[in-house]
Amino acid sequence: MVDLLDHDQIETALEALPGWAYDGDALTRRVDVPGASQEAMMRSLAEAGDAMGHHPDVSREPDALVLRLWTHSEDGVTAKDVELAARVDQLLSGSGTDSGGTS
């Protein structure tokens, strides 16, 4: 069992995660990724999730990926989600993608 983060803890975590938002259920981020590059980015996200045993939900748009992070078993945001968001940010900074806005 993993403890859920309360609203204040989530807001504090978001201060260190520019581009991420909290929608009341999950941490979210929209990442501008051209269609041709989406498969490679999705593979990188899957590998990061595999390494952590925790996976992002990813929706595809024509030129963007929308990420949602929450711990399904706990039905909310946990420290695992914050850790994965930070890992995603590392991947994005190394890929040269434009972070776009939050969703």
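## Three surface positions in a predicted model

D6 has a relative accessible area of 41%, which makes this residue partly exposed. The structure described here is a predicted model, and D6 lies in the segment that comes before helix 1, the helix spanning 7–15. Together with D8, E11 and E15, D6 forms a negative patch on the surface.

Beyond helix 1, the loop that leads to strand 1 (21–22) holds P18, a residue that counts as exposed because its relative accessible area is 59%, where the cut-off for exposed is over 50%. Once the neighbours within four places in sequence are set aside, P18 remains in contact with R29 and D89. H54, for its part, stands 36 residues from P18 in sequence, and the C-alpha atoms of P18 and H54 are 21 Å apart in space.

A further loop, the one between strand 4 (64–69) and helix 3 (79–95), contains D75. Although D75 is not a glycine, its phi is positive, at about 55°, and with a relative accessibility of 65% this residue is classed as exposed.

The table sets out the accessibility of the residues discussed.

| Residue | Relative accessible area | Class |
|---|---|---|
| D6 | 41% | partly exposed |
| P18 | 59% | exposed |
| D75 | 65% | exposed |

Which residues make up the negative surface patch? The patch is formed by D6, D8, E11 and E15, and D6, as one of these, is placed in the segment before helix 1.

Note on methods: Residues numbered from 1 in each chain as written. Predicted model: local features only at pLDDT ≥ 70, side-chain atom pairs only at ≥ 80, totals over all residues. Heavy atoms only, no water. Patch = residues over 30% accessible without salt bridge, like charges linked within 9 Å, V, L, I, M, F, W, Y side chains within 5 Å. Areas by Shrake-Rupley, 256 points an atom, 1.4 Å probe, with all protein chains shown as cover. Salt bridge = Lys/Arg side-chain N within 4 Å of Asp/Glu carboxyl O. Lys, Arg positive; Asp, Glu negative; His and termini not counted. Charge placed at Lys NZ, Arg CZ, Asp CG, Glu CD. Helix = DSSP H or I, 4+ residues; strand = E, 2+ residues; numbered from the N terminus. Buried < 20%, exposed > 50% of the residue type's maximum accessible area, 1.4 Å probe, protein only. Contact = heavy atoms within 4.5 Å.
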